[in-house]
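Hello,

I am handing over the structure we talked about, and below it I have written out what was found. Please read the notes with the structure open beside you.

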Amino acid sequence: MNGISMNGISFSPSFVDRRHRRRRISRLQSILSTVEESLGPLLPIFTTVGAVSYGFVSYNRPLWNLKKALEVGEGIEVRESSGRGLGAFYVKDDVIKPGDLVGQYKGDLLTLNELSKKYPPVNGTISKNAYLYEIRESSLYIDASDENSDSVNWTRFINHDGKDPNLVVEQNALHKIVWFEAKREIRKGEELCFDYGDKYWEGYEDLIV
Ligand SMILES: C[S@@+](CC[C@H](N)C(=O)[O-])C[C@H]1O[C@@H](n2cnc3c(N)ncnc32)[C@H](O)[C@@H]1O
(Lines give C-alpha, C1' and ligand atoms only; values in the text may rest on other atoms or scores of the structure.)
Protein backbone atom coordinates (compact mmCIF):
# COMPACT_ATOMS: atom_id res chain seq x y z
CA MET A 1 0.00 0.00 0.00
CA ASN A 2 1.31 3.48 -0.88
CA GLY A 3 1.72 6.31 1.60
CA ILE A 4 -0.47 9.41 1.31
CA SER A 5 -0.01 13.11 1.76
CA MET A 6 -2.62 15.35 3.38
CA ASN A 7 -2.30 19.08 4.04
CA GLY A 8 1.41 18.82 3.30
CA ILE A 9 1.97 16.11 5.93
CA SER A 10 3.20 12.80 4.56
CA PHE A 11 1.95 9.59 6.05
CA SER A 12 4.00 6.45 5.60
CA PRO A 13 2.49 3.31 3.99
CA SER A 14 2.34 1.63 7.40
CA PHE A 15 0.24 4.56 8.64
CA VAL A 16 -2.26 4.16 5.79
CA ASP A 17 -2.48 0.48 6.58
CA ARG A 18 -2.93 1.29 10.26
CA ARG A 19 -5.85 3.63 9.50
CA HIS A 20 -7.78 0.60 8.28
CA ARG A 21 -6.74 -1.44 11.28
CA ARG A 22 -7.68 1.45 13.59
CA ARG A 23 -11.23 1.59 12.21
CA ARG A 24 -11.62 -2.11 12.97
CA ILE A 25 -10.08 -1.59 16.43
CA SER A 26 -12.38 1.34 17.18
CA ARG A 27 -15.43 -0.81 16.30
CA LEU A 28 -14.05 -3.49 18.62
CA GLN A 29 -13.44 -0.91 21.34
CA SER A 30 -17.03 0.29 21.22
CA ILE A 31 -18.23 -3.30 21.66
CA LEU A 32 -15.75 -3.78 24.50
CA SER A 33 -16.80 -0.58 26.26
CA THR A 34 -20.39 -1.88 26.28
CA VAL A 35 -19.12 -5.11 27.84
CA GLU A 36 -16.98 -3.07 30.22
CA GLU A 37 -20.01 -1.17 31.45
CA SER A 38 -21.64 -4.37 32.64
CA LEU A 39 -18.52 -6.30 33.73
CA GLY A 40 -16.16 -3.60 34.99
CA PRO A 41 -12.71 -2.65 33.58
CA LEU A 42 -11.10 -4.93 31.01
CA LEU A 43 -7.40 -5.37 30.28
CA PRO A 44 -5.34 -2.15 30.05
CA ILE A 45 -4.74 -2.67 26.35
CA PHE A 46 -8.37 -1.83 25.68
CA THR A 47 -8.75 0.90 28.23
CA THR A 48 -7.24 4.26 27.57
CA VAL A 49 -4.31 5.31 29.64
CA GLY A 50 -5.52 8.54 31.13
CA ALA A 51 -6.29 11.72 29.32
CA VAL A 52 -4.57 14.77 30.49
CA SER A 53 -1.09 16.05 29.94
CA TYR A 54 0.22 17.81 32.98
CA GLY A 55 3.87 18.41 32.10
CA PHE A 56 5.46 21.79 31.54
CA VAL A 57 2.24 23.70 31.12
CA SER A 58 2.12 27.37 31.89
CA TYR A 59 -1.55 28.18 32.09
CA ASN A 60 -2.01 31.40 30.21
CA ARG A 61 0.80 32.23 27.87
CA PRO A 62 0.10 35.44 25.94
CA LEU A 63 -0.98 34.97 22.35
CA TRP A 64 1.83 36.96 20.80
CA ASN A 65 3.93 33.81 21.12
CA LEU A 66 1.79 32.23 18.44
CA LYS A 67 2.59 34.96 15.96
CA LYS A 68 6.34 34.79 16.18
CA ALA A 69 6.74 31.63 14.14
CA LEU A 70 4.94 29.66 11.49
CA GLU A 71 3.74 26.11 11.93
CA VAL A 72 6.32 23.67 10.62
CA GLY A 73 3.66 21.07 9.80
CA GLU A 74 4.96 20.61 6.25
CA GLY A 75 8.21 19.22 7.67
CA ILE A 76 6.52 16.47 9.66
CA GLU A 77 6.25 12.80 8.82
CA VAL A 78 4.01 10.43 10.75
CA ARG A 79 5.44 6.94 11.03
CA GLU A 80 6.08 4.06 13.43
CA SER A 81 7.95 4.91 16.60
CA SER A 82 9.38 1.78 18.13
CA GLY A 83 7.09 0.53 20.91
CA ARG A 84 5.05 3.74 20.96
CA GLY A 85 2.71 3.24 18.01
CA LEU A 86 2.87 6.07 15.51
CA GLY A 87 4.97 9.16 16.13
CA ALA A 88 5.63 12.55 14.51
CA PHE A 89 9.14 13.07 13.10
CA TYR A 90 10.81 16.24 11.91
CA VAL A 91 12.17 15.64 8.39
CA LYS A 92 13.33 19.04 7.11
CA ASP A 93 16.97 20.15 6.84
CA ASP A 94 16.29 23.42 8.70
CA VAL A 95 16.93 23.44 12.43
CA ILE A 96 13.99 24.31 14.69
CA LYS A 97 15.18 26.82 17.27
CA PRO A 98 14.29 26.85 20.98
CA GLY A 99 11.01 28.72 21.46
CA ASP A 100 9.82 28.19 17.85
CA LEU A 101 6.16 27.29 17.47
CA VAL A 102 5.97 23.74 16.16
CA GLY A 103 2.25 23.12 15.97
CA GLN A 104 -1.13 23.76 17.51
CA TYR A 105 -2.99 20.92 19.23
CA LYS A 106 -6.24 20.73 17.33
CA GLY A 107 -9.42 18.75 17.75
CA ASP A 108 -13.05 19.07 18.73
CA LEU A 109 -13.54 21.46 21.63
CA LEU A 110 -15.77 19.89 24.31
CA THR A 111 -17.19 21.13 27.59
CA LEU A 112 -17.22 18.72 30.53
CA ASN A 113 -20.91 18.16 29.87
CA GLU A 114 -20.30 17.32 26.20
CA LEU A 115 -17.37 15.11 27.18
CA SER A 116 -19.50 13.02 29.54
CA LYS A 117 -22.12 12.61 26.82
CA LYS A 118 -19.50 11.52 24.28
CA TYR A 119 -17.74 9.23 26.76
CA PRO A 120 -20.45 8.13 29.20
CA PRO A 121 -19.08 7.67 32.74
CA VAL A 122 -18.39 4.13 33.94
CA ASN A 123 -18.72 3.75 37.72
CA GLY A 124 -18.85 7.54 38.00
CA THR A 125 -15.60 8.09 36.09
CA ILE A 126 -15.39 9.46 32.58
CA SER A 127 -13.26 7.08 30.55
CA LYS A 128 -11.12 9.57 28.68
CA ASN A 129 -9.21 8.69 25.55
CA ALA A 130 -5.52 8.97 24.77
CA TYR A 131 -6.00 11.95 22.42
CA LEU A 132 -7.83 14.17 24.86
CA TYR A 133 -6.17 17.31 26.14
CA GLU A 134 -7.61 19.21 29.06
CA ILE A 135 -7.19 22.98 28.85
CA ARG A 136 -6.18 23.76 32.40
CA GLU A 137 -8.29 26.21 34.39
CA SER A 138 -11.09 26.09 31.85
CA SER A 139 -13.02 22.76 32.14
CA LEU A 140 -12.65 22.51 28.37
CA TYR A 141 -11.18 19.59 26.47
CA ILE A 142 -9.67 19.27 23.00
CA ASP A 143 -10.59 15.87 21.64
CA ALA A 144 -8.39 14.69 18.77
CA SER A 145 -9.61 11.09 18.85
CA ASP A 146 -11.40 11.29 15.49
CA GLU A 147 -8.58 11.20 12.97
CA ASN A 148 -11.07 11.83 10.15
CA SER A 149 -12.29 15.08 11.69
CA ASP A 150 -11.25 18.20 9.76
CA SER A 151 -10.37 19.91 13.02
CA VAL A 152 -7.73 17.28 13.93
CA ASN A 153 -4.11 17.59 12.84
CA TRP A 154 -0.78 15.73 13.07
CA THR A 155 -0.03 16.86 16.64
CA ARG A 156 -2.20 14.01 17.95
CA PHE A 157 0.72 11.74 17.07
CA ILE A 158 3.24 13.46 19.36
CA ASN A 159 4.49 10.85 21.82
CA HIS A 160 5.73 11.10 25.39
CA ASP A 161 9.33 11.49 26.50
CA GLY A 162 9.83 12.12 30.20
CA LYS A 163 13.64 12.26 30.06
CA ASP A 164 14.68 14.58 27.25
CA PRO A 165 11.60 15.98 25.52
CA ASN A 166 12.22 18.42 22.68
CA LEU A 167 8.84 20.14 22.99
CA VAL A 168 6.95 21.99 25.72
CA VAL A 169 3.20 22.57 25.82
CA GLU A 170 1.78 26.05 26.18
CA GLN A 171 -1.79 27.19 26.42
CA ASN A 172 -4.04 30.20 26.54
CA ALA A 173 -7.20 29.20 28.39
CA LEU A 174 -9.05 32.40 27.50
CA HIS A 175 -8.66 31.78 23.77
CA LYS A 176 -8.91 27.98 24.19
CA ILE A 177 -5.63 27.37 22.39
CA VAL A 178 -2.94 24.77 23.13
CA TRP A 179 0.33 24.64 21.21
CA PHE A 180 3.81 23.13 21.21
CA GLU A 181 7.08 25.04 21.25
CA ALA A 182 10.61 23.72 20.79
CA LYS A 183 12.38 23.28 24.13
CA ARG A 184 15.76 23.01 22.44
CA GLU A 185 17.17 22.75 18.91
CA ILE A 186 15.44 20.07 16.86
CA ARG A 187 17.15 18.54 13.85
CA LYS A 188 16.14 16.41 10.87
CA GLY A 189 15.17 12.85 11.85
CA GLU A 190 14.27 13.59 15.46
CA GLU A 191 10.97 12.40 16.85
CA LEU A 192 8.93 15.22 18.39
CA CYS A 193 8.02 14.48 22.01
CA PHE A 194 6.79 16.21 25.12
CA ASP A 195 6.44 15.11 28.73
CA TYR A 196 2.84 13.93 29.26
CA GLY A 197 3.40 14.17 33.02
CA ASP A 198 3.14 11.53 35.74
CA LYS A 199 -0.67 11.74 36.01
CA TYR A 200 -1.14 10.52 32.45
CA TRP A 201 0.74 7.29 33.15
CA GLU A 202 -0.45 6.65 36.72
CA GLY A 203 -0.82 2.86 37.04
CA TYR A 204 0.56 2.29 33.51
CA GLU A 205 4.20 3.28 34.02
CA ASP A 206 5.34 -0.12 32.71
CA LEU A 207 4.04 0.77 29.24
CA ILE A 208 6.42 3.71 28.81
CA VAL A 209 9.14 3.15 26.21
C1 LIG B 1 -1.56 11.07 21.90
S2 LIG B 1 -1.24 9.40 21.52
C3 LIG B 1 0.29 9.54 20.61
C4 LIG B 1 0.21 8.85 19.25
C5 LIG B 1 0.13 7.35 19.31
N6 LIG B 1 1.47 6.77 19.44
C7 LIG B 1 -0.55 6.78 18.09
O8 LIG B 1 -0.05 5.81 17.51
O9 LIG B 1 -1.62 7.26 17.71
C10 LIG B 1 -0.76 8.82 23.09
C11 LIG B 1 -0.57 7.32 23.14
O12 LIG B 1 0.64 6.95 22.44
C13 LIG B 1 1.33 5.93 23.17
N14 LIG B 1 2.61 6.48 23.66
C15 LIG B 1 3.01 7.76 23.64
N16 LIG B 1 4.24 7.90 24.13
C17 LIG B 1 4.65 6.69 24.52
C18 LIG B 1 5.83 6.19 25.16
N19 LIG B 1 6.87 6.96 25.47
N20 LIG B 1 5.89 4.86 25.42
C21 LIG B 1 4.88 4.04 25.09
N22 LIG B 1 3.72 4.45 24.49
C23 LIG B 1 3.61 5.76 24.21
C24 LIG B 1 0.41 5.55 24.32
O25 LIG B 1 -0.43 4.51 23.89
C26 LIG B 1 -0.38 6.81 24.55
O27 LIG B 1 -1.63 6.57 25.18
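The residues of the shell around the ligand divide by type into eight nonpolar, five polar and two charged. Please keep in mind, as you read on, that this is a predicted model. Among the 15 residues around the ligand, those that come nearest are G85, L86, A130, N159 and H160. Two strands, β4 (85-90) and β9 (159-160), each supply at least two residues of that shell, and β4 gives the largest share of it, with three residues.

Turning to the protein as a whole, you will find four helices and twelve strands in it. Of its 209 residues, 24% are buried. If you consider the contacts with a separation of 6 or more, 73% of them are between residues 24 or more positions apart.

Strand β8 (residues 140-143) is a good place to practise following how strands pair, and I would suggest tracing its two partners in turn. Strand β6 (residues 108-111) runs antiparallel to β8 and is joined to it by four bridges, and within this pairing D108 has D143 of β8 as its bridge partner. Strand β7 (residues 132-135) is likewise antiparallel to β8, again with four bridges, and here I135 is partnered by L140 in β8. Between the strands of the β7 and β8 hairpin there are four residues, and in this hairpin E137 takes a positive phi near 60°.

With best wishes

Notes
Residues are numbered from 1 along each chain as its sequence is written. This is a predicted model: local features need pLDDT of at least 70, side-chain atom pairs count only at pLDDT 80 or more; totals for chains, interfaces and linings use all residues. A residue is near a molecule or strand if its C-beta atom, placed from the backbone, lies within 6 Å of it. Ala, Val, Leu, Ile, Met, Phe, Trp, Tyr, Cys and Pro count as nonpolar, Asp, Glu, Lys and Arg as charged, and the others, Gly among them, as polar. A residue is buried if 20 or more other C-beta atoms lie within 10 Å of its own, exposed if 12 or fewer, and partly exposed in between; C-beta atoms are placed from the backbone. Two residues are in contact if their C-beta atoms, placed from the backbone, lie within 7 Å. Two strands pair if DSSP finds at least two bridges between them.
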